[in-house]
Amino acid sequence: MSTTDNRRAVDEVKSQILAKLTYAIGKDVIVAKRHDWLAATILALRDSIIDKWMASTRGSYQSKSKRVYYLSLEFLIGRLLRDALSNLELTEAYRIALGDLNVDLNLIEELEPDAALGNGGLGRLAACFMESMASLNIPAYGYGIRYNHGLFRQVIKDGWQQELPEDWLENGNPWEFPRREAAYRVSFGGYITTESSKDGNPRHIWHPGEVLLASAFDTPMVGWQGKRVNTLRLWSARALDPIHLDAFNSGDYTGALSDHNKAEILARVLYPADSTPAGQELRLRQEYFFTSASLQDILRRHLQQYPDLSNLADKVAIQMNDTHPAIAVAEMMRLLVDDHATPWAKAWETTQAVMSYTNHTLLPEALESWPVHLFERVLPRHMQIVYQINAKLIEKAKTQGYTAADFISSISLIDEHAGRRVRMGQLAFVGSHSINGVSALHTGLMKQSVFGNLDKLYPGRINNKTNGVTPRRWLKGVNSNLAQLYRNAVGADIFADTELLERALPLQKDSSFKDQFARIKHDNKIALANHISAAIDVSVDPNAMFDVQIKRIHEYKRQLLNILETIALYNTMRSHPERTWAPRVKIFAGKAAAGYAQAKLIIKLINDAAAVINNDVSIRGALKVAFVPNYNVSLAETIVPAADLSEQISTAGMEASGTGNMKLALNGALTIGTMDGANVEMCEHIGNANMFIFGLTAEEVEARRRKGVNGRDVIAALPALSDAVEFLLNGGLSHGDRDRYRPIVDSLMGNDWFMVASDFDAYAACQSKVSALWNDQKSWTQMAIVNSLNMGWFSSDRTIRQYATEIWGVPAGG
């Protein structure tokens, strides 16, 4: 594009922004505030997206393409302005246009709230997948819930996590479009009657006790270079009657609004605590609400284009992202059998053909199950359907010769051992034609453990689709200078095909290339240091190693192992002031579930350790600890490009895949980790010599658990760990409070289920190797380059191509 054309494009953008500021926001340039400029900029950009969006939708109808429907309780999409500008390659045009108006694009981008639609890796993966599907020209819809407050906004007070509402919708959402025509009735409770149909078969009629309305809000999802724009459709709940006037007029003001309030609660918060019966019911209602609305919408769209549902499997692919939408199997059967008079056998064949299920974890709490009495009360017709599916499942097993009671018990949709519960993972499995894990290790463990017998009954149904991340956001978007360095070396095609990065590997020894790489990393670290200073008033040195662990706080992710080794290192530093230590900043970020006491105590321990270590002048600033609050996508976008060391230290066999490991390595962080999740495949691509691998394998963890671990004996044999534990028990980090960390110590000294004590010595030794390499900066930089350039295979484009060809049966272009 010529200079004249560039200027013309900038002037056009400027004109569009000014028009939106005037006619949509109602503000004059003289009085407009930053938030006004943000809204005007988004609306101007949105207009340029809409034409592409409509063209994409029209194209799908005209070509009668098969569509993919991605059902997920989470979509952690973060801020959209920077992402959309980058994908449309309009960042510079908007930057210059706003600069002409004395507005800094970077400053207004920071004002955009993160969409509070997810918690962690599950939701961020869904967002990456939506972007990749659009980039690969796959017609797709994402379906979820339009949460008013999402998970929560994390604040740290006196070292403890506190949860506050996340008000991301407080000032509206300029990206979304309400769709009044897309509203569906979703029923709960009531009773079932049975009558004979014309063909003599029984017909079940659901008489619900409660009906809500699901209303759609659409957000455009822009693919690379705007080749395709797909739709993220989120559901909001409202009552059929917002107010009961008879109750209101009689003075029962609370009762008059009861239906309205009940509907509002449904979409208020992501993952309400399920430690109470009311919390369990709310979560079940949430999952059914969005799933039912989504399936009704899918069938409505299909019947708009085709005369009946006989070709549904040829035109529809539904992917369930983990077990949260597993009720879709029973709901699809209800819709087909009850509402569309499809014979049971044909309905079951269709359901299995359209449904596929991604399993993300083997943790019991994530493989959801619901008490039968709750399920039956909330969804009585679905309980009947589950029983019928289960009867046919058990009949199939016995027909194939699997008659042992243990085998039947393991595959049954009803768990008879824990107070009778409906197993949602099993329901998703039997109702799908494809069940995939998200790393090679995880998929293998699925076959060996939780779905072992179902795998025997349905051989070949389990397959692997290792996760990936979108390079447009997690390289070009968050680390533009590094992306430009790679673009100069290899060419612009790297953003469509990141495996081309490997072509730059010969430059790992080029002094100029290495210097530029190191300078970019240092600049990113300065930006993060400034953020840490502003957020928590802790000063950190950008010349120190930034040792990063950013993820949901959970015992299996082992933030505890990290902070215990940090405390042990601190004790050693104090004992040996004569030594020279590699300067290190331990950076933590992540949220603990509101009801997860042990995880919240680990956050408190990290902050208590920070308060002591950061203020001890005897170690001369060689070690700092920073817990950065309210971890979200935007914070990750600041931390990821600045990280030197990536902590991927989960208990082997417990992390399904991980995607943070991929983002950090892509941006030049070295990995210290166990052979768990996608670390295994990263090691294959990067090379064992270029990663810091330690600890027990999944097989060794399982063997130790079977044998039994005496944590007290393990700790006693490790002086450094023993001293760190004693430090906790003596109140060294808690102002003399000897009981504060007793639950943590008890977990270590008991069976050490998460192998924190068992892996401590190997972890500490590996960290010593990290420090030694850090002191050789040239070698460190070269290894970081090798890590980054070998991460191209871990693109979500590769993952989605595999889903498209091997599961969904749709073409994946690009």
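1. In this predicted model, strand 11 and strand 15 run parallel and are paired over three bridges. Thr 358 faces Asn 436 of strand 15 across this pairing. Strand 11 covers residues 355-358, and strand 15 covers residues 434-437.

2. Strand 11 also pairs with strand 10, again in the parallel sense, here over four bridges. In this pairing Met 320 has Tyr 357 of strand 11 as its bridge partner. Strand 10 spans residues 316-321.

3. Are the residues on the two faces of strand 11 buried or exposed? Met 355 and Tyr 357 point to one side, Ser 356 and Thr 358 to the other, and all of them are buried. Both faces of the strand are thus covered. Tyr 357 is also the residue that bridges to Met 320, and Thr 358 the one opposite Asn 436.

4. These strands belong to an open sheet of nine strands with mixed pairing, in the order 5-8-9-2-1-10-11-15-16. Strand 5 (177-188) and strand 16 (462-464) form its edges, each pairing on one side only. On average, neighbouring strands of the sheet are turned by 25 degrees against each other, with direction ignored.

5. At the strand 16 edge, the partner is strand 15: the two run parallel and are joined by three bridges. Gly 437 has Asn 464 of strand 16 as its bridge partner.

6. Which helix lies across this part of the sheet? Helix 34 (residues 796-808) does, crossing strand 1 (67-71), strand 10, strand 11, strand 15 and strand 16. Relative to strand 10, helix 34 runs at about 120 degrees.

7. A separate description is needed for the three-strand sheet. It is open and antiparallel, with strand order 12-14-13. Strand 12 (369-371) and strand 13 (414-415) are the edges; each has a single partner strand, so one side of each has no neighbour in the sheet. Strand 13 pairs with strand 14 (residues 421-423) in the antiparallel sense through two bridges. Within strand 14, Val 422 is the residue opposite Ile 414.

8. Tyr 402 sits in the loop that links helix 15 (380-399) and helix 16 (405-411). Its relative accessibility is 25%, and it therefore counts as partly exposed; the cut-off for buried is under 20%. Leaving aside residues up to four places away in sequence, Tyr 402 touches Ala 397, Phe 407, Ile 408, Lys 456 and Leu 457. Between the C-alpha atoms of Tyr 402 and Leu 107 there are 64 Å, with 295 residues separating the two along the chain.

9. How do helix 24 (residues 597-613) and helix 31 (residues 742-749) meet? Their axes come within 9 Å and cross at roughly 110 degrees. The two helices are therefore roughly perpendicular to each other, since that class takes in angles of 65 to 115 degrees. The crossing of helix 24 past helix 31 is left-handed.

10. On the helix 24 side, the contact is made by Gln 598, Leu 601, Ile 602 and Leu 605; helix 31 supplies Pro 743, Ile 744 and Ser 747. By type, the residues of this contact are five nonpolar and two polar, with no charged ones.

Note on methods. Residues are numbered from 1 along each chain as its sequence is written. This is a predicted model: local features need pLDDT of at least 70, side-chain atom pairs count only at pLDDT 80 or more; totals for chains, interfaces and linings use all residues. Side-chain values use heavy atoms; hydrogens and water are left out. Axes are lines fitted to C-alpha atoms, for helices over the stretch in contact, and angles run from 0 to 180 degrees between N-to-C directions. Angles under 35 degrees count as roughly parallel, over 145 as roughly antiparallel, 65 to 115 as roughly perpendicular and the rest as oblique. A crossing is left-handed if the near helix is turned anticlockwise from the far one by less than a right angle, and right-handed if clockwise. Contact means heavy atoms within 4.5 Å. Ala, Val, Leu, Ile, Met, Phe, Trp, Tyr, Cys and Pro count as nonpolar, Asp, Glu, Lys and Arg as charged, and the others, Gly among them, as polar. Two strands pair if DSSP finds at least two bridges between them. Buried means under 20% relative accessible area, exposed over 50%, partly exposed in between (1.4 Å probe, protein chains only).
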